Amino acid sequence: MIVGERKPFEEIRGLLGESARVLLVGCGTCVKVCFTGGDKEVAVLASQLRLSAARKKARTFDEMTVERQCEPEFVDEVAKRFAGHDVIMSMACGAGVQLLASRFPAVPVLPAVNTTFLGALEKQGLFVENCQGCGACVLGTFGGICPVSRCAKSLFNGPCGGSQDGMCEVGGEVPCAWHQIIERLQKLGRLDNLKAPVAPKDWRSARHGGPRKLVREENMP
């Protein structure tokens, strides 16, 4: 199971900026179980945003929750509710954010959740790791494409210059994440995101210090 925690409210407000029409999308599986991004948490965040914007110009915060944001058939439900919103804000894990970003290439898809760590699901099949659960999500800066997991060198200030025709120099069929990031930000008109150097990542929130835990005392017996 994927475990996450909601970003601080001020960070969420900063990501949204002055977007007039926001669609908040929750996920009814992993993040619902860990009390982070289910229908109740979506409703709480929507209420906070409405209260925060009450004295400013008219803004709309629509809300919905799908069963799983990491599967295309459920993301199709988001497309049915989407009605020219300026921004989609996902309360799912990084995998859900990135699937929404691929489904809505012309709309900024922003994370309201930090993916904290990934639980084990033992089942035969093929899985592609687009999120490492590093604990400090940067998808809002890099257009919904994670350089930590999808760049072979985890570069925050790329590209490295070693890619050829959009493919990584490590070989095989590995696409250059930075080629994808720049193309995505160009389409969104957000290349300014890359003007300022990004500070080195604080790896204290990552998984290199052994097993991690997220304790929610209010939900413990």
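## The second largest pocket

Helix α7 gives the most to the lining of the second largest pocket, contributing four residues. This is a predicted model, so please read what follows with that in mind. Two helices, α5 (94-103) and α7 (177-188), each supply at least two residues of that lining.

The second largest pocket has a volume of about 210 Å³. In total, 13 residues line the pocket, and A101, S102, I145, Q180 and R184 lie nearest its centre. By character, the lining divides into three nonpolar, six polar and four charged residues.

## Aromatic pairs

Let's turn to the rings. A search of the whole structure finds three aromatic pairs. In one of them, the ring centres of F82 and F104 are 5.3 Å apart and the planes stand at 45 degrees, so this pair counts as tilted. The pair links distant parts of the chain, with the two positions 22 residues apart in numbering: F82 belongs to the loop between α4 (72-81) and β4 (87-90), while F104 belongs to the loop between α5 and β5 (109-111).

How buried or exposed are these two partners? F82 is partly exposed, because its relative accessibility is 23% and the buried class needs a value under 20%. F104, at 8% relative accessibility, counts as buried. F104 has a charged companion as well: the charged end of R103 sits over the F104 ring, 5.4 Å from its centre.

## A cluster reaching helix α7

F142 and W178 form another pair, with ring centres 5.5 Å apart and planes at 80 degrees, so the arrangement is edge-to-face. This pair, too, links distant parts of the chain, 36 residues apart: F142 is in the loop between β6 (113-118) and α6 (147-150), and W178 is in helix α7. Both F142 and W178 are buried.

The picture grows with one further ring, as ring pairs link F142, F156 and W178 into a cluster. W178 thus brings us back to helix α7, the helix that gives the most to the lining of the second largest pocket.

## S163 and its surroundings

Where does S163 lie? Its place is in the loop between α6 and α7. S163 has a relative accessible area of 25% and is therefore partly exposed.

Leaving aside neighbours within four places in sequence, S163 is in contact with E169 and C176. As for W178, the C-alpha atoms of S163 and W178 are separated by 9.1 Å, and the two residues are 15 residues apart along the chain.

Conventions: Residues numbered from 1 in each chain as written. Predicted model: local features only at pLDDT ≥ 70, side-chain atom pairs only at ≥ 80, totals over all residues. Heavy atoms only, no water. 1 Å grid on protein atoms, 1.4 Å probe; cavity = no way out; pocket = protein on both sides within 12 Å on 5 of 7 lines; lining within 4 Å. Points joined across faces, edges and corners; volume = space filled by probe spheres on them. Nonpolar A, V, L, I, M, F, W, Y, C, P; charged D, E, K, R; others polar. Phe/Tyr/Trp six-rings, centres within 6.5 Å; stacked < 30°, edge-to-face > 60°. Buried < 20%, exposed > 50% of the residue type's maximum accessible area, 1.4 Å probe, protein only. Lys NZ or Arg CZ within 6 Å of the ring centre and 35° of its normal. Contact = heavy atoms within 4.5 Å.
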